[in-house]
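Okay, thanks everyone for squeezing this in. Let me put the structure up and we'll walk through a few parts of it.

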Amino acid sequence: MKTKHQLAVICTMAISLAMSLAAQAPQMPKFRFENFTTANGLPNNHVFAVLVDGPRVWAATEDGLAVYENHAWKTYTTKDGLAHRAVLSLALDKNTGDLWAGTMAGLSRISAGRIDTYTQLNSGLSNDVVYGVSVEGENVWVATAAGGCRLNLRTGVWTLYNERNTPMNEIWAYAVAATPTKVYYAIWGSGLLEYDQKTGRWDKYDDPDGENEMVLFKDQGLIHEIVTSVSYVDNIVWAATYF
Amino acid sequence: MSQRNQHRNRTAAASALLAFLGVSGLILSPGLGRPVHAGEMRPSVESISYASPLEVLLSPDGSRLYVLCQGGEDIRVLDAQNFAVIKKIPVGAVPRGFSFSPDGAKLYVTNSSEDTVSVIDTAKLEVVATWKTGAEPSSVVAEPGGRRLFVANRISNDISVLDAATGVEQKRLSAGRGASYLTLAPDGSKIYATHVYPNPSAYRTAPESEITVIDAARAVVVDRIPLHGIAHAFHIDFSPDGRLGATTGYHPKNLVTLAHLEHGGAFEDTITLFGADLGRTVEVPLDELERYASQPFGVAIAPDKSRIYISSGGSELVTVIDLPRLMQYIRLHPGGFAHDLSASANYVVTRIPVGLNPRGITLSRDGRRLFVANRLDDTLSVIDTHANKVVSTVRLEGPKNVSALRHGEQTFYTSRYSFQGQIGCANCHIDSTFDGLTWNLEPDGFGRNPVDNKLIEGIKDTEPYKWTGTNPDIPTECGPRTEKYFWRSEQYDDITLTDLSLYVRSLNPRPNRWKLIGHEVTPAQERGKAIFERTIDKFGNQIAFYNRCIFCHSGPKGTSQELFDDVGTSTPLDNTSRLKAPPLTNIALTAPYLHNGSAKSLEEIWTIYNPQEKHGRTADLTKDELNDLVEYLRTR
């Protein structure tokens, strides 16, 4: 498996003191770190994603989905219905409060304690390895090892995106960021894909020099074709590449 | 001629008629010949519209009685003292649930067949707005702030959240399967939803449903209370202090052979209690040996927490429970007693006979009167709760004669024909549909041939019946087989069986929600249709005709009505691999699939259960194409 960046621990940071106080006590740290590991309840120290949901913090770990609430960790596992123990990605449906978790063997929805699992065998999901998930309105957008998918929660219809209907040369989709206007897919080896929600058209951002080991065209496009993560906030796209 | 001989002659004549119609395939469709009931001519089935009161509510001030009439597709407003009709308000198609706005100024009514809510102004007594909802809205409640409406959608399995001022849908919340009944907790903080179909579960495991708990202010699901063993749950009521909730439910015994009605049978009829008074859920049996409370539906807790009242649609009675005695019994039996037929004698006060197919019930504010909507005889029973007697029966305006179709429907829902009155057809065909369960039936052998229970809408003209096609027509399906193996009791007389068959034949499919308005198709549905109808695979090879979807699932209902040898789905438990191609009517609603219910979704039919490609040529399809095929099937 080509893992994304792995965080060894979860850290919380808080501005602990006002600047004036810091000036009075320069030896005190500006931030307070609190680290969470298996020592204090996390099921595994390999953490692939973290998500803040009001008073709760969700952690996607290699050994289950953990939630931190009321100063304690609780872990959901396959015994609770989770698709797989290794959870790779998380997304919150802010409308309903439901959490979506992409795993190594399917996509799970955690809704008030009930877990519903979608796999490539029991649903229209294109592939069980779910690297990325993002919720936009009534659509759940999914990045899998066999392209992208969109599940419309109202109709139950799955729409698949792959080399047959998008400019996706490789179908290894690593991440997705969906908004009401644009949806971006980070594709391993096929740059950054952009979907216009209004027109239904796809566009693509590539590494303009096509070089794997060097950057010839500085600031003229992606640094590399292997894109591993994407974020789209306030009309700005951030993309993470391999090199 | 003696009476016995007269009866024998009439029975013989009816038998001959049945035999002729069964063989000729002319079973009493509405346009054909009608049965004659006990020497009287009855009106045409098409022309009769019964009121069919399903739910009943008292106005907040107690002065008016509102009756939801599903057959009449109207709301009847009655004076609560003398029961004089004040107004009949037409609403939408097949109304199913209703409730008042917090100030009582509006009455909201769900129209299950057209996916809308009618808004009635209770001062003008007229519909002032109609709003769109999800699929098959079945009940509605307003949150106490009056800003939002919550609507339970039975076949989209979700809860619509509407703006109570404009009717605009704000969002959908994921419910359980068959979301149908909503109740606002007395303090207004939570809304509780129950479900008429079980949630998906692993193959041949006990069914499970849930009570979905919604935070009314935030409009999000905050809890799901599991109902272990319960496949179908209906109304909920709370004590006024909000500390005790109760919901009615069917607890099927579908994992064992359905052969032991004489030993306490096929279903447990129960209520499940929950809330702070208990701190857990407790399933409480209503049945007693020889006195069953079949098809529990409505529930009401007395204001002083002295009694619980439960209507039972199949047994045609209201069970009265002494609540303090029940709570004491629960304390003394912490291990549970849901399966104990001797338990109810310790807390059931009485069982009060009411009308046919009693459903919704409501108590007056002082708890002195209980109103019961008797759906299949167009009456309301008024029970004096001190005397525990029906003190008045209010006949609603409607046809006085009982048509053959109506008699057939009454026969379908009643439990009186089965041994000790335990079950009726509607136990497994919830509201004349299906139940989402796999059963093991005795005729095939003990432990043999677990079979998925199919939808019965639109089954006319799809004979033979049963997965193995052993029943040549509906009278055989509904008659001897049912009597011998299910009811284990007296036979229907021939007129009753004829009327029952007529009713079953009259069950038309509900509107397909995946079809677009105007019957246009989406591109995916169009591509899927081409796959369904293809004769050549993607490599250019001819597909054997018996391996084409369209061959076995031909015709308007998706069945060739033929039996086919081995589509690759048989198991060692099956006596035969020769199965009938089932109809595809509303197939999207009826999971699980295959003859034994092993496929939990349409996709699994091909991704898991077609390794030898005997159930259609599908191995050459991409995942996109399989999804297209599923999209098309959903439109059938």
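Before the first stop, one bit of vocabulary: I call two strands paired if DSSP finds at least two bridges between them. And keep in mind that what you're looking at is a predicted model.

So, the sheet. In chain B there's an open sheet of four strands, and reading across it you get β5-β6-β7-β8, with antiparallel pairing. Which strands sit at the edges? Those are β5 (95-100) and β8 (126-132) of chain B, each of which pairs on one side only. Going from one strand to the next, the twist averages 25°. If you zoom in on β5(B), its antiparallel pairing with β6, residues 106-111 of chain B, runs over five bridges. For a concrete example, B:Ser99 has B:Tyr108 in β6(B) as its bridge partner.

Next, the helices. α3 (404-413) and α7 (494-505) of chain B pack with their axes 7 Å apart, at an angle of about 90°. Anything from 65 to 115 degrees counts as roughly perpendicular, so that's what α3(B) is to α7(B). On the α3(B) side the contact includes B:Leu405 and B:Phe412, and on the α7(B) side B:Leu500 and B:Tyr503 are among the residues involved. By type, the contact splits into six nonpolar, four polar and two charged residues.

Last thing, the interface. 21 residues of chain B touch 20 of chain A. On the chain B side, the elements giving two or more residues are β12 (169-174), β16 (220-228), α10 (602-607) and α11 (623-633). And what's the make-up of that side: how many nonpolar, polar and charged? Six nonpolar, four polar and 11 charged.

Conventions: Residues are numbered from 1 along each chain as its sequence is written. Chains are lettered from A and ligands numbered from 1 in the order in which they are written. This is a predicted model: local features need pLDDT of at least 70, side-chain atom pairs count only at pLDDT 80 or more; totals for chains, interfaces and linings use all residues. Axes are lines fitted to C-alpha atoms, for helices over the stretch in contact, and angles run from 0 to 180 degrees between N-to-C directions. Two residues are in contact if their C-beta atoms, placed from the backbone, lie within 7 Å. Ala, Val, Leu, Ile, Met, Phe, Trp, Tyr, Cys and Pro count as nonpolar, Asp, Glu, Lys and Arg as charged, and the others, Gly among them, as polar. Angles under 35 degrees count as roughly parallel, over 145 as roughly antiparallel, 65 to 115 as roughly perpendicular and the rest as oblique.
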